[in-house]
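Here are two short exercises to work through with the structure open beside you. Try each task before reading its solution.

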Amino acid sequence: MEFTPPLQQGILLRRYKRFLADVQLSDGSEITLHCPNTGSMRNCLYPGETVWFSTSDNPKRKYAHTWELMTTPDAGLIGIHSGQANTLAEEAINKGIIKELTGYDSLSREVKYGDENSRIDILLQGAQKPACYIEVKSCTLLEDGQGYFPDAVSLRGQKHLRELMHMVSQGHRAVLLFVVQHSDIFSVAPAAHIDPEYAKLLKKAVLAGVEVLAYRCEMSPTEIHLAQACVVRV
């Protein structure tokens, strides 16, 4: 996915009220960005470091600028826009980058499914193949060299694991796909120290037949895309 028009940059001052962030531009002025991330953003906030943001020409938007990337003190990059994970996953599937998810005839987004009023992120279907239900999660939490999900207690994430297990019990294929939007994460594990129930459910889901995949993003201020598989530790 290319950033069009090109991203602009500023210096992070603060994130607040969850969905807002103030940055300083090169001329010393300050603007407020929309922060498209509902998580805690634990270990993703570095005041004084460079951020990259997009600009919308939609006159109905209260905040025209959207925070896209965060630069780490080690010159790494973090994808802040968690909503982009589904788009990145769809792009990678269509290009055949995710080898485990090739060979299907159609791809649908946001399809209603399950017993708990859910919508699956991606549904793959093909002739003479079980339907493949894919839940996509953005992983950005790095601690002591290990990537973790979630970065806060996630009741929604727990619900999705239950739904995936139910799909397997119905004879379908179910996949949990971690989209790693942090240049320094090379393996993903459940954050049992943050959400122990999620970690327990994930192990149960794997035993029930849910597949867990993780793919890393290659990121720059000009583009971002899924590039390669990384290790999952359940």
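A residue counts as buried when its relative accessible area is under 20%, and as exposed when that area is over 50%. Keep in mind that this is a predicted model.

**Exercise 1.** Find out whether threonine 66 is buried or exposed, and describe its surroundings.

*Solution.* Start by placing the residue: threonine 66 belongs to strand β5, which covers residues 65–71. Next, look at its relative accessible area, which is 6%. The cut-off for buried is under 20%, so threonine 66 is buried. Now turn to its side chain, which makes a polar contact of 2.8 Å with the side chain of arginine 61. Finally, list the contacts, leaving aside neighbours within four places in sequence: threonine 66 touches His34, Pro36, Trp52, Phe53, Ser54, Arg61 and His81.

**Exercise 2.** Work out the strand order of the open sheet of 6 strands, and explain why one side of β7 and of β15 has no neighbour in the sheet.

*Solution.* Begin with the order, which reads β7-β8-β9-β12-β14-β15, with mixed pairing. β7 (106–113) and β15 (224–229) are at the edges and have a single partner strand each, so one side of each lacks a neighbour in the sheet. On average, neighbouring strands of this sheet are turned by 35° against each other, direction ignored.

Then zoom in on one pair: β12 (residues 173–180) and β14 (residues 211–219) run parallel and are joined by 6 bridges. Valine 180 has arginine 216 in β14 as its bridge partner.

To finish, add the helix: α2 (residues 155–169) lies across β7, β8, β9 and β12, and runs at about 155° to β9.

Technical notes:
Residues numbered from 1 in each chain as written. Predicted model: local features only at pLDDT ≥ 70, side-chain atom pairs only at ≥ 80, totals over all residues. Heavy atoms only, no water. Pairing = 2+ DSSP bridges. Helix = DSSP H or I, 4+ residues; strand = E, 2+ residues; numbered from the N terminus. Axes fitted to C-alpha atoms, helices over the stretch in contact; angles between N-to-C directions. Contact = heavy atoms within 4.5 Å. Buried < 20%, exposed > 50% of the residue type's maximum accessible area, 1.4 Å probe, protein only. Polar contact = N/O pair within 3.5 Å; in protein donor to acceptor, adjacent residues only side chain to side chain.
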